[in-house]
Amino acid sequence: MEVSEEMNNGEIIKNAIEDFKKVQKHMLTARKENAVETYEGLKDDYLSLKVLLNSLGVNLTDIDKIKE
């Protein structure tokens with residue numbers, strides 16, 4: 001996710017949540033297909049987005065399907 005100086009917190013949060021959901025969707029597919037390397041690569045993005053969203057005060061309880 002690219003962040004420009006013109007983005008406000010609401011836009012940053014919205015974009016990060018969308019990216020977080022996409023990464024989780026791909027992680028679930030990779031897990032189902034037993035694509036271990038793909039899953040691990042996506043996990044890095046997942047964790048980075050999770051840290052960002054947590055630092056912005058977003059409660060991930062309802063949208064975190066992976067729970068890692």
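**Group meeting: a two-helix chain**

Okay, let's start with charge: the chain carries 10 positive and 14 negative side chains, and the centres of those two sets sit 10 Å apart. Keep in mind that this is a predicted model.

On to the overall layout. We've got two helices and zero strands, and the C-alpha atoms fill a box of roughly 40 × 25 × 15 Å along the principal axes. The chain has 68 residues, and 26% of them count as buried. For the surface people, the accessible area is about 4900 Å², with 49% of that belonging to carbon and sulfur atoms. And if you take the contacts with a separation of 6 or more, 53% come from residues 24 or more positions apart.

Now helix H1, which runs over residues 9-32. How far apart are its end C-alpha atoms? They're 34 Å apart, and that agrees with expectation, because 24 residues at 1.5 Å a residue should span 34 Å.

Let's look at the two ends. At the N-terminal end, Asn 8 does the capping: one of its side-chain oxygens lies 2.9 Å from the backbone nitrogen of Gly 10. Just after the other end of H1, Asn 34 takes a positive phi, about 60°.

So which residues of H1 are buried? Going along the helix, you get Ile 12, Ala 16, Phe 20, Val 23, Gln 24, Met 27 and Ala 30. And what covers those buried residues? The cover includes helix H2, residues 36-55.

That's my tour, happy to pull up the structure again.

Terms used: Residues numbered from 1 in each chain as written. Predicted model: local features only at pLDDT ≥ 70, side-chain atom pairs only at ≥ 80, totals over all residues. Heavy atoms only, no water. Helix = DSSP H or I, 4+ residues; strand = E, 2+ residues; numbered from the N terminus. Buried < 20%, exposed > 50% of the residue type's maximum accessible area, 1.4 Å probe, protein only. Contact = heavy atoms within 4.5 Å. Areas by Shrake-Rupley, 256 points an atom, 1.4 Å probe, with all protein chains shown as cover. Lys, Arg positive; Asp, Glu negative; His and termini not counted. Charge placed at Lys NZ, Arg CZ, Asp CG, Glu CD. Expected span 1.5 Å × (residues − 1). Polar contact = N/O pair within 3.5 Å; in protein donor to acceptor, adjacent residues only side chain to side chain.
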